[in-house]
Every structure is written in structure tokens, then in C-alpha cells.
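This report describes one protein chain for a reader who is new to structural analysis. Please look at the sequence and the structure shown here before reading on.

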Amino acid sequence: MDLKLLIRLAVSLGLLMGACGGDDITLTEYVEQVNVAAEAASQKGAELLADAARMTDPTPAQLQAGLERALREIRIPLQDAIDDIAPPDQLADLHDLMWDWHASFISIEQALAARFGTADDTQAGWEALSDSPEMAAYRVALAEGKQVCDGFQSELDDIAALGVFADTPWMPGELQNVVDAALGCQSFPDRPEDVYRYPPPTP
């Protein structure tokens, strides 16, 4: 299995750290806060990816360590910060759409990391890991995250049609960039059902 892919998904799906907002937060303040916070998360993500790039043919134990580090240093602090944000009313549904999925994905990755810790570094061990309930749940969650990304623009268009962005016409594009970074939309595999399948499916 590819440790770089595992870390890339863990990092890119949580590449954005939120800052605390208040009940009176504006659309512009909301976007500015998450954009400023993204710089710290990006730096930490780059460190994790660099460490993963130095590994070849990782063992299940190394996959466990890499995923747990990504959860500990990026994903969980991110969700803690996001939970303190009070988004503007106009974006509340979109905010919940993104971050409810992210919160559930943390639990799924924690379960997968624990399953990595029980797997033997043998063909039988990799096959059992590939066929495990934890891996199946991970693949399903990736597919759901991909759907969130794919459906976000439609949700954004519906909000724009209500005139919400009349005074900030730049904001839909900025929000799309925020979501792409926050959920790692560009990193979702084309076929989530084949992620970490052993042996790898033939093209």
C-alpha cells in the first residue's frame, strides 16, 4: 500500500484549520478566517507528505503511524477549531454539509488506523486488511466525500440565486477554493471502491 497516498488523503481532506467566529460573523470574515488558518495546516501537511515520500513499501505498522500522526496533528485539531465556528446564517447548511462529513470521517480513519495495527505484513495480512469492515467503511466514506465535493457547486449556485452574494460577487469562487482545499476535492480517487484493495485491481 502507498503511504504517500494515505497521508495525502488524510492531509488534503483536512488541509484547512478554522478560526473561532461569533454570532455576528460576516460572509467575508468567515472566508478570511479559514483562509488565514489554512497556512498553518498547509505547512504541517507539507511536513507529513515529505516524511511519507521518504518511505518505500511501508508495513501496516508504518501506515498506522502515518495515519495516526495526520489525525493527531491536523485532522482532530482542525475539527476542534471548526466546532467553535458559528458560520453566517447564509452558509450554515453548507458549513454543516462539509464538516459533519469531516467529523464522521475522523472516526472512520481512527478505526482504520487501529486495524492497520493488527495486520500482519504478509500477503494474507494485506488481503485480510483489504477485505476488512474498516477498509470497506473507509471506501464508502471516500465516495460520500466525493459526492459532497461534486454537489457543492450546485448548492452554492442555489444560494447565489437568492441574491446572497449580490454585494460580494467574488465570494462563490473563493468559497469553492476553500472547499476544494478543506475537503481535498482534487485528491479524491476516481474509484474510491478500489482504494487500498489487495491485490490491486488490473486496469
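In this predicted model, residues 24 or more positions apart account for 80% of the contacts in the chain with a separation of 6 or more. The chain contains seven helices and zero strands. Read from the N terminus, its elements follow the order α-α-α-α-α-α-α.

The next topic is burial and surface. The chain has 203 residues, of which 42% count as buried. About 9,800 Å² of the chain is exposed, and carbon and sulfur atoms supply 51% of this area.

As a general background, nonpolar side chains in soluble globular proteins tend to be buried together. In this model, the largest nonpolar core has 21 residues. Within this core, the residues with the most contacts are Phe116, Met135 and Tyr138. Two or more residues each come from α3 (60–83), α4 (92–116), α5 (123–130) and α6 (133–161). The element that gives the most is α4, with six residues. There is also a second, separate core, which has 18 residues. Among its members are Leu27, Leu78, Leu156 and Ile159.

Aromatic residues form a further part of the picture. The structure holds five aromatic pairs. Which residues do ring pairs link into a cluster? They are Trp101, Phe105, Tyr138, Phe188 and Tyr196. Tyr138 is also one of the residues with the most contacts inside the largest nonpolar core.

Backbone angles deserve separate attention. Most residues other than glycine have a negative phi. Asp57 has a positive phi, near 50°, and is not a glycine. Tyr196, likewise not a glycine, has a positive phi of about 55°. The table sets out these two residues.

| Residue | Phi | Location | Relative accessible area |
|---|---|---|---|
| Asp57 | near 50° | loop between α2 (27–53) and α3 | 69% |
| Tyr196 | about 55° | segment after α7 (171–183) | 8% |

Is each of these residues buried or exposed? Asp57 is exposed because its relative accessible area is 69%, and the cut-off for exposed is over 50%. Tyr196 is buried because its relative accessible area is 8%, and the cut-off for buried is under 20%. Asp57 thus combines a positive phi with a place in the loop between α2 and α3. Tyr196, in the segment after α7, combines a positive phi with membership of the aromatic cluster.

Terms used
Residues numbered from 1 in each chain as written. Predicted model: local features only at pLDDT ≥ 70, side-chain atom pairs only at ≥ 80, totals over all residues. Heavy atoms only, no water. Helix = DSSP H or I, 4+ residues; strand = E, 2+ residues; numbered from the N terminus. Buried < 20%, exposed > 50% of the residue type's maximum accessible area, 1.4 Å probe, protein only. Contact = heavy atoms within 4.5 Å. Areas by Shrake-Rupley, 256 points an atom, 1.4 Å probe, with all protein chains shown as cover. Core = buried A, V, L, I, M, F, W, Y, C linked by side-chain atoms within 4.5 Å. Phe/Tyr/Trp six-rings, centres within 6.5 Å; stacked < 30°, edge-to-face > 60°.
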